[in-house]
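User: I would like to learn how to read helix packing and backbone features in a model. Please take me through one case.

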Amino acid sequence: MAKKSLPSTDFARFAALPRGEIRDNAIRKFVIGGGIWSYEPARSHLGEILREQPRFNFFVPDAPWSVLEDRIGGKCKKSQVEREQNCLKAKALFDFWRDNAWSSIRYDDMPAGMMNPSQGYTRFWDNRFCVIDETRTFVPFFDFRGPDTRLSADARDVVFSVQDWLIRQSIPELEELDLAVIRFDGTKDTGFSVAPHFHSGPVRWSPTELTQLMFEVYADWVRVAQQFERAPRRTGTDDNGCFDFG
């Protein structure tokens, strides 16, 4: 199995599905499809896109979009599609933040994330707070994915439950912090728009339930991936890349 850890978005997608053939089919598509490019180029410049300011009263001027576009595009080495998707969605986010006069603040004391069976962390936030006005601040998770693999409403509830547990419940001074998933609607041809989804009401899963979900999803992922790899192993092409809980 090439990947040793599930991307956060995919963990949330699978956790929100009923266990059995429905989840297995979604995992199977993930295992077969793989990921030939990513949104890491856009993510690596979120500070500039989101008008990140110091925690003290000191204004930092914006970087022009033309500069950011060159930086983001320069990191897109895998395909023209990667460059188009990263730059178009980054530009939509850049414009939305300025049109609404939002900003962000770097916060390096955020939790590492939720321990997963691959001995890594699954996290649904960046090390920053996003500021709407003087009375409202939220922690964001950016879902850059397209319609086929982005978070459903149920998957967003997984994200909100983990955010609530590891941020609001674990850090008393952040218990009033808003939670948000930032999604992108539209297409390359119609243009992309930013769609913020804010959490309201009680969270759906408890810490105990989330921990159970984590182990169930990883176990299902391992099982489905091993089924997919079984044929190559019989031909002697196994590279010992299988996932190991240990």
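**Reading helices and loops**

Analyst: Start with one residue: Q85 is buried, with a relative accessible area of 14%. Its place is in helix α6. Keep in mind that this is a predicted model.

User: Which residues is Q85 in contact with, leaving aside its neighbours within four places in sequence?

Analyst: Q85 is in contact with W37, Y39, K188 and F192, once those neighbours are set aside.

User: What is the overall make-up of the chain, in helices and strands?

Analyst: The protein chain has 8 helices and 8 strands. Of its 246 residues, 46% are buried. Take the contacts with a separation of 6 or more: residues 24 or more positions apart account for 68% of them.

User: Back to α6. How many residues does it have, and how far does it reach from first C-alpha to last?

Analyst: Helix α6 has 20 residues and reaches 28 Å between those two atoms. That is close to the 28 Å expected at 1.5 Å a residue.

User: Which residues of α6 are buried?

Analyst: The general idea comes first. An α-helix has 3.6 residues a turn, so residues three or four places apart point the same way. Now the case. The buried residues of α6 are E82, Q85, N86, C87, K89, A90, A92, L93, F94, F96 and W97. The list holds charged side chains too, including E82 and K89.

User: How do I read the packing of α5 against α6? At what angle do their axes cross?

Analyst: Read distance, angle and handedness in turn. The axes of α5 (residues 65-74) and α6 (residues 80-99) come within 9 Å and cross at roughly 150 degrees. That makes α5 roughly antiparallel to α6, because angles over 145 degrees count as such. The crossing is right-handed.

User: Which residues meet there?

Analyst: From α5 come W65, L68, E69, I72, G73 and G74. They meet R83, N86, C87, A90, K91 and F94 of α6. By class, this contact has 6 nonpolar, 3 polar and 3 charged residues. N86, C87, A90 and F94 are also among the buried residues of α6.

User: Now a second pair. How do the axes of α1 and α7 cross?

Analyst: The axes of α1 (residues 8-15) and α7 (residues 153-168) come within 8 Å and cross at roughly 115 degrees. This crossing is right-handed. In α1, F11, A12, R13 and A15 meet A155, V158 and V159 in α7. By class, the contact has 6 nonpolar, no polar and 1 charged residues.

User: Is α7 mostly covered or mostly uncovered?

Analyst: Mostly covered: 12 of the 16 residues of α7 are buried. Among them are A155, V158 and V159, the α7 residues that meet α1. Others include R156, D164 and R168. The helix reaches 21 Å from its first C-alpha to its last, close to the 22 Å expected at 1.5 Å a residue.

User: Last topic: backbone angles. What is phi at A101?

Analyst: Most residues other than glycine have a negative phi, and most peptide bonds are trans. A101 has a positive phi of about 55 degrees although it is not a glycine. It follows α6, in the loop between α6 and β2 (103-106). A101 is exposed, with a relative accessible area of 52%.

User: Where is R51, and what is its phi?

Analyst: R51 is in the loop between α4 (46-49) and β1 (52-53). Its phi is near 55 degrees, a positive value in a residue other than glycine.

Note on methods
Residues are numbered from 1 along each chain as its sequence is written. This is a predicted model: local features need pLDDT of at least 70, side-chain atom pairs count only at pLDDT 80 or more; totals for chains, interfaces and linings use all residues. Side-chain values use heavy atoms; hydrogens and water are left out. Axes are lines fitted to C-alpha atoms, for helices over the stretch in contact, and angles run from 0 to 180 degrees between N-to-C directions. Helices (H or I, at least four residues) and strands (E, at least two) are DSSP runs, numbered from the N terminus. Angles under 35 degrees count as roughly parallel, over 145 as roughly antiparallel, 65 to 115 as roughly perpendicular and the rest as oblique. A crossing is left-handed if the near helix is turned anticlockwise from the far one by less than a right angle, and right-handed if clockwise. Contact means heavy atoms within 4.5 Å. The expected span of a helix is 1.5 Å times one less than its number of residues. Buried means under 20% relative accessible area, exposed over 50%, partly exposed in between (1.4 Å probe, protein chains only).
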